[in-house]
Amino acid sequence: MKKEILRIGEEALRELQQLDKSEALQELKVKVLGKKGTLTALLRQMGSLSPEERPVMGQVVNEMRSRLEKAWEERSAELETIALEKRLAAERIDISLPGSRVARGHYHPLTQVVEEIEDIFLGMGFQIAEGPEIESDYYNFEALNLPKDHPAREMQDSFYITEEILLRTQTSPVQIRTMEKLRPHLPVKVIAPGTVYRNDDDATHSPMFHQVEGLMVDQGIRMSDLKGILLNFSRQMFGESREIRLRPSFFPFTEPSAEVDVSCMLCGGAGCRLCKGTGWIEILGSGMVHPKVLEMGGYNPREVTGFAFGMGVERIAMLKFGIEDMRLLFDNDLRFLQQF
Ligand code: 2NL
């Protein structure tokens with residue numbers, strides 16, 4: 001009987017080492033130590049042994065039983081560790097792999113240019129003013145000395161909402177509003193960047209475009225102040241070696257008025273395709289604020305003077321980035337936009 005106990009026990013121990021699943025381990029345990037297990041069956045046969053043999057066999061069975069139980073526990077723990085290691089290996093995230101990059105956008109070239117213009121003028125002590133895109137006839141035209149019969153006031157040139165309300169055609173109304181708000185404070189030194197609307201749509205005109213206008217009002221402001229500010233702006237925007245020139249022009253809200261040219265940023269002034277051989281490129285309109293406009297802004301034209309200017313952001317962006325067709329700026333084609 002002892003032999004039989006040892007045979008069953010040794011076999012179970014051998015089998016145990018070969019099992020690689022904890023369920024199989026449990027099965028084997030039932031098969032040997034369960035109610036109908038092989039070792040249990042032997043234990044039942046103990047009744048037929050002599051009283052002297054019984055305690056000896058009992059001890060053999062119990063020893064085998066605790067050996068098996070210990071082995072089971074050990075093997076079971078081993079299998080658990082193996083299973084855990086397997087799972088950890090399978091679920092491991094390889095942090096040394098580069099992740100898939102999240103596409104990062106950037107500002108539209110027009111926004112970049114507006115911000116650059118803002119930075120340059122902030123650096124010269126200007127403040128940034130904003131105002132509504134839906135304006136009254138008064139702020140958009142009347143206060144800017146545009147006579148009732150001026151062509152810009154025709155229905156077909158502006159987007160009217162009612163007879164008195166329209167989409168602003170320039171950002172000048174912002175500056176009128178700013179003067180009204182600041183008076184009698186001096187100096188007035190603001191730029192007004194923003195979106196403006198005109199009823200034009202062709203290769204060189206978009207019905208929606210962008211402007212930055214500037215206004216400086218104080219005692220003794222002269223045209224040389226205008227020229228100095230604009231020369232500084234031109235050099236920061238287009239390069240340290242740029243020069244500017246002023247040509248006589250006309251605007252209803254300035255007198256005298258001047259177009260401002262910058263020496264060509266492509267050829268440096270020698271003459272090329274971009275400047276059509278002249279060496280100069282027009283970048284903005286400007287002038288000394290008309291006395292009537294100062295008055296409508298709440299300032300006394302006998303006490304103060306001022307200069308003003310206005311530039312088209314699309315034009316500045318095209319010159320700065322070498323863009324040949326303005327419509328590219330509004331197509332929103334990423335193949336184009338991603339270049340900036
Ligand atoms: C252009 C010309 C200009 C102004 C805008 C202005 C504003 C006030 C008073 C006087 Cl409140 N003037 N603005 C002056 C001269 C020219 O714009 O060609 N812009 C694209």
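# A guided look at a spread-out chain

Guide: The protein chain exposes about 19900 Å², and carbon and sulfur atoms supply 52% of that area. Keep in mind that this is a predicted model.

Visitor: What is the protein chain built from, in helices and strands?

Guide: You'll find 12 helices and 9 strands in the protein chain.

Visitor: Why is the protein chain called more spread out than a compact globule?

Guide: Set two values side by side: the radius of gyration is 45 Å, while the globule rule gives 20 Å for 340 residues. The value for this chain is well over the rule, so the chain counts as more spread out than a compact globule. Along its principal axes, the C-alpha trace spans about 135 × 45 × 40 Å.

Visitor: How many of the residues are buried?

Guide: Buried residues make up 40% of the 340 in the protein chain.

Visitor: What makes Arg 7 and Glu 11 a salt bridge?

Guide: The cut-off is a side-chain nitrogen of Lys or Arg within 4 Å of a carboxyl oxygen of Asp or Glu. For Arg 7 and Glu 11, the N to O distance is 3.2 Å, so the pair passes the test. Both lie in helix α1 (residues 2-18), 4 residues apart, which is about one turn of the helix.

Visitor: Why is Arg 7 called partly exposed?

Guide: Buried means under 20% relative accessible area and exposed means over 50%, with partly exposed in between. Arg 7 has 44%, so it gets the middle label. Glu 11, at 35%, also counts as partly exposed.

Visitor: What does the salt bridge between Arg 177 and Glu 135 tie together?

Guide: Their side chains meet at 2.7 Å, N to O. Arg 177 lies in helix α7 (residues 172-182) and Glu 135 in strand β2 (residues 134-136), so the pair ties together parts that are 42 residues apart in sequence.

Visitor: How do you know whether Glu 135 is buried or exposed?

Guide: The relative accessible area of Glu 135 is 1%, and the limit for buried is under 20%, so Glu 135 is buried. Its partner Arg 177, at 30%, counts as partly exposed.

Visitor: Which residues are linked in a network of salt bridges?

Guide: Asp 137, Glu 142, Lys 148 and Arg 153 are. Within that network, the closest N and O atoms of Glu 142 and Lys 148 are 3.4 Å apart.

Visitor: Why is Lys 148 called exposed?

Guide: Lys 148 has a relative accessible area of 61%, and exposed means over 50%, so the label fits. Glu 142 has 30% and is partly exposed.

How values were computed. Residues are numbered from 1 along each chain as its sequence is written. This is a predicted model: local features need pLDDT of at least 70, side-chain atom pairs count only at pLDDT 80 or more; totals for chains, interfaces and linings use all residues. Side-chain values use heavy atoms; hydrogens and water are left out. Helices (H or I, at least four residues) and strands (E, at least two) are DSSP runs, numbered from the N terminus. The radius of gyration is taken over C-alpha atoms; the globule rule is 2.2 Å times the number of residues to the power 0.38. Buried means under 20% relative accessible area, exposed over 50%, partly exposed in between (1.4 Å probe, protein chains only). Accessible areas come from the Shrake-Rupley method with a 1.4 Å probe; for residues, only the protein chains shown count as cover.
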